[in-house]
Amino acid sequence: GAGLIGGTAMVAILYMGILMMPGQMKMNLLYMLGSTMFGERVMTYMSGAMMHAVMSVAFALAHVGVYQAFDLDTNLAAWGLVFGAAHWAVTGMALGMMPVMHPQIRNGSLQAPDAFAMGYPMGTAMGFLMLHLMFGVLVAVLYDAFGGV
């Protein structure tokens, strides 16, 4: 549950940023994810949302697995920042590999994000970091609030 809430919050804040600062926030995440499989707009966004939800749950489970493996039960918000930074590092490197697997980036119809979203304006790269840190904190706080530890 914490992963789904954290992932939903990330997407909501990302798209608010795109609406408020269209010149700085360029990562249309759901479209980028969904268009790896579909070209039709509705299916693209739906599949992108499903992919992000699954990844959010998977990363949250990894966070929880570390909490339990190392018996972490205090300062989970601080640990959430650490895990959010690790999450950012993993997904940042994955963004650098998008041109290899994304058909629209390969054919030039979609801009490559580059590693850590550095192919976009600096506001996007900084937002990418901040959203992952926020995700880590949210997962930690919600996991603690749901009685996980």
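Colleague: Which residues in helix 7 do S56, F59, A60, H63, V64, Y67 and Q68 in helix 3 meet?
Modeller: This is a predicted model, where local features need pLDDT of at least 70, side-chain atom pairs count only at pLDDT 80 or more, and totals for chains, interfaces and linings use all residues. Residues are numbered from 1 along each chain as its sequence is written, and side-chain values use heavy atoms, without hydrogens and water. Helices are DSSP runs (H or I, at least four residues) numbered from the N terminus. With contact meaning heavy atoms within 4.5 Å, the residues met in helix 7 are F135, G136, V139, A140 and Y143.

Colleague: How many residues of the contact of helix 3 with helix 7 are nonpolar?
Modeller: Ala, Val, Leu, Ile, Met, Phe, Trp, Tyr, Cys and Pro count as nonpolar, Asp, Glu, Lys and Arg as charged, and the others, Gly among them, as polar. None of the residues in this contact is charged and four are polar. The nonpolar ones number eight.

Colleague: Is the crossing of helix 3 and helix 7 left-handed or right-handed?
Modeller: The two axes (lines fitted to C-alpha atoms over the stretch in contact, with angles from 0 to 180 degrees between N-to-C directions) come within 10 Å and cross at roughly 60 degrees. Helix 3 is therefore oblique to helix 7, oblique being what is left after under 35 degrees (roughly parallel), over 145 (roughly antiparallel) and 65 to 115 (roughly perpendicular). A crossing is left-handed if the near helix is turned anticlockwise from the far one by less than a right angle, and right-handed if clockwise. Helix 3 passes helix 7 in a crossing that is right-handed.

Colleague: Which residues of helix 3 make the contact with helix 1?
Modeller: Helix 1 and helix 3 pack at about 130 degrees, with axes 8 Å apart, and so helix 1 is oblique to helix 3. Helix 1 brings G3, L4, G7, M10, V11 and Y15 to the contact. Helix 3 brings Y45, H52, A53, S56, V57 and A60.

Colleague: How far apart are the axes of helix 3 and helix 4?
Modeller: Helix 3 and helix 4 cross in a right-handed sense. The angle between them is about 130 degrees, and the axes lie apart by 11 Å.

Colleague: Which residues lie nearest the centre of the largest pocket?
Modeller: A pocket is an open set of points on a 1 Å grid over the protein atoms alone, where a 1.4 Å probe fits, with protein on both sides within 12 Å along at least five of seven lines; lining residues have an atom within 4 Å of a point. The lining divides into 18 nonpolar, eight polar and no charged residues. Of the 26 lining residues, those nearest the centre are L29, L33, M55, T91 and L95.

How values were computed:
Helices (H or I, at least four residues) and strands (E, at least two) are DSSP runs, numbered from the N terminus.
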